[in-house]
Amino acid sequence: MLEDLFQKVKARMGSEDSDKEKSHSKMSVPSDLLFKCPRCQQVTFMDTFRENKMVCPNCGYHGRITVAERLEITVDNSTFREYDRDMRSKNPIQFFGYEEKLDDLSRTTGLNEAVVTGEADIMGEHCVIGIMDSHFMMASMGSVVGEKITRAFERAAEKRLPIVLFTASGGARMQEGMVSLLQMAKTSGAAARHSDAGLLYITVLTDPTTGGVTASFASLGDIILAEPKALVGFAGRRVIESTIRQRLPDSFQSAEFMLEHGFADMICDRDHMRETLSTLLRIHRLGRGNPEMASDTEQPSFQEAAAGKNLTAWQRIQLIREKNRPTVRDYIPMIFDSFIEQHGDRYYGDDSAMIGGVAFFEGQPVTVIGQVKGKNLEENKASNFAMPHPEGYRKALRLMKQAEKFHRPVICLIDTPGAFCGVEAEERGQGEAIARNLFEMMKLQTNVISVVLGEGGSGGALALGVCDELAMLENAVYSVVSPRGFASILWRDASKEQEAANCARITAEDLVELGVAEKIIPEAPGGAHQGAEETALHITDYLRDALERFRGVPIEQLLEGRYHKFRKIGLFSEGTSEEANT
């Protein structure tokens, strides 16, 4: 491989093919002509590497790039306006040689410090942007880095703008001592004020993001993206290995490790970064009542399903158990546009049984959350048969609170046999996670609409069911426990599940009558599995109608209505009165 490259280099340089000239060519190749990947050790031409956005064409390694290179591939031409260009660090602890080192780095990099901030457009979306450059003192965080990032947050808050920060840092700057460490608190405080103003903060973790930067503003984004295989962590690998006296796995402290353990929303490569950022910025720019939401054509109103099929609960259960019945992953692209999935609970991990993210519904930004069923054994194993762990419910709540901040409606798509019951779920607080969702959803200051797509099982379903309005597909069921569990508990005979299904009043018609659900959404003739697109159109009609009915309702009225919806459920008598209360 290397020899072939040198032959190509010779051809470019106009060399003759003699041994002497061959040897001379190797000696005289410019140092910036070839790139050797630090991951796969393969060699390629530097111009090829640059044309590929500084990504290795052999293994996909995302190289460390300069501020100028990042701006070139991210922002619209001629839109970047820099902040605080001439700010320079002093020497707070009088560290010997510090000023000289800063001067040398300034000459070699063309930067005055390790971060550049300013305003720019990303595919037309205006934002504040900050880019850290590891070529300047490993982008360690000293006085200027902290001050520039703090000012960027403050200016973004003042101008009501979102902020995007590309992080790349070795952590605190030792040469500035405790002054450096306290930049962590300073930048975090500025991020908090920006958040309290209801504004969007996107973090992009690049290689490397470590130490005090990871433990401050880099981990506080509303949405956290990461470049593939980026080094991300707090303590250094060698420090950890020497402390625990163990060899760490190669994947440790990688972007993928962060995603798996719930601390990042998604991995995004450079080919898709610009478009992803633009979509996220646009979703958050558009709010309820924005003129861009309006449709140019009159939309049909939602019609409730006629209860005329006379199917028993057990027959409906057979329909929702059809292996080809559409799942949440089928419905999302049929109903929503530009869906961007988010991952992780920011505490423990990501749960594949729960999907969530942001999207457009007919031009309106929404948050979509749902439980994930599969259509075969492999898919069901991958999603734990749609039975979420505690981290699934905590991820859902994190996204709901994010929707509350940005005044987006929340749409919950329920399809689960129930929450996962296992030792690990109990150890991580399954009961507390569900209880916390019920508590927080009851007072969530944005519209919540829930739709039962198929199976609504017990508290695992209710954790997405505290809403302003609950709709059910006409063959869906919603139950205190599965029919088999019902029969096992009450009759100690699981074989009576069919009888249990038919007496437990779990169908959509039953639950509308009981005041648990408000609407029934028709399915395609024969069931949703016979016509996924038709069923999706009915769901779309319902959501359009529901969102319009709740649009503009004052928050106080919304919360009072939600509380009353649940407050009135129940059937009982008091004292000697025979009058039932419902």
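Lys375 is partly exposed, with a relative accessibility of 32%. In this predicted model, Lys375 forms a salt bridge with Asp330, and the closest N and O atoms are 2.8 Å apart. The pair links distant parts of the chain. Lys375 sits in the loop between β13 (364-371) and α15 (377-382). Asp330 belongs to helix α14 (residues 328-335), 45 residues away. Asp330 also counts as partly exposed, because its relative accessible area is 22%, and the partly exposed class begins where the buried class, under 20%, ends.

A salt bridge also joins Lys395 and Asp350, with the closest N and O atoms 2.9 Å apart. This pair, too, links distant parts of the chain, 45 residues apart. Lys395 lies in helix α16 (residues 390-405), and Asp350 in the loop between β11 (337-341) and β12. Lys395 is buried, at 1% relative accessibility. Asp350 is partly exposed, at 24%. Strand β12 spans residues 354-361 and contains Ala359. Ala359 has 0% relative accessibility and so counts as buried. Its C-alpha atom is 5.8 Å from that of Asp337, a residue 22 positions away in sequence.

Side chains of opposite charge can pair when their charged atoms come close. The whole structure holds 41 salt bridges. One of them is formed by the side chains of Arg70 and Glu227, at 2.7 Å from N to O. Arg70 is in helix α4 (residues 67-74) and Glu227 is in the loop between β8 (223-226) and β9 (232-233), so the contact ties together parts 157 residues apart in sequence. Arg70 and Glu227 are both buried.

Salt bridges also form a network, which links Asp84, Glu147, Arg151, Arg155 and Lys186. Asp84 is placed in the loop between β3 (81-83) and α5 (98-109). Its relative accessible area is 16%, so Asp84 is buried. Its backbone is notable for a positive phi of about 45 degrees, although Asp84 is not a glycine. Arg492 likewise has a positive phi, near 55 degrees, and is not a glycine. Arg492 lies in the loop between α20 (483-491) and α21 (497-503). Unlike buried Asp84, Arg492 is exposed, with a relative accessible area of 79%.

Rolling a probe the size of a water molecule over the atoms shows where empty space is left. The model has 4 cavities of 30 Å³ or more. The largest cavity holds about 90 Å³ of space. It is lined by 14 residues, of which Ile65, Arg70, Ala168, Thr206 and Asp207 are the closest to its centre. Arg70 is thus both a lining residue and a partner of Glu227 in a salt bridge. Strands β5 (125-132) and β7 (201-210) each supply at least two lining residues. By class, the lining has 4 nonpolar, 5 polar and 5 charged residues. Asp207, among those closest to the cavity centre, precedes a cis peptide bond to Pro208, with omega near -10 degrees. Pro208 is in strand β7.

At the surface, Met178, Leu181 and Leu182 make a nonpolar patch of about 300 Å². Leu182 is located in the loop between α7 (177-181) and α8 (183-196).

Technical notes. Residues are numbered from 1 along each chain as its sequence is written. This is a predicted model: local features need pLDDT of at least 70, side-chain atom pairs count only at pLDDT 80 or more; totals for chains, interfaces and linings use all residues. Side-chain values use heavy atoms; hydrogens and water are left out. Patches are made of residues with over 30% relative accessible area and no salt bridge: like charges are joined within 9 Å, nonpolar side chains (Val, Leu, Ile, Met, Phe, Trp, Tyr) within 5 Å. Accessible areas come from the Shrake-Rupley method with a 1.4 Å probe; for residues, only the protein chains shown count as cover. A salt bridge is a side-chain nitrogen of Lys or Arg within 4 Å of a carboxyl oxygen of Asp or Glu. Helices (H or I, at least four residues) and strands (E, at least two) are DSSP runs, numbered from the N terminus. On a 1 Å grid over the protein atoms alone, a cavity is a set of points where a 1.4 Å probe fits but cannot get out, and a pocket is an open set with protein on both sides within 12 Å along at least five of seven lines; lining residues have an atom within 4 Å of a point. Grid points are joined across faces, edges and corners, and a volume is the space filled by probe spheres set on the points. Ala, Val, Leu, Ile, Met, Phe, Trp, Tyr, Cys and Pro count as nonpolar, Asp, Glu, Lys and Arg as charged, and the others, Gly among them, as polar. Buried means under 20% relative accessible area, exposed over 50%, partly exposed in between (1.4 Å probe, protein chains only).
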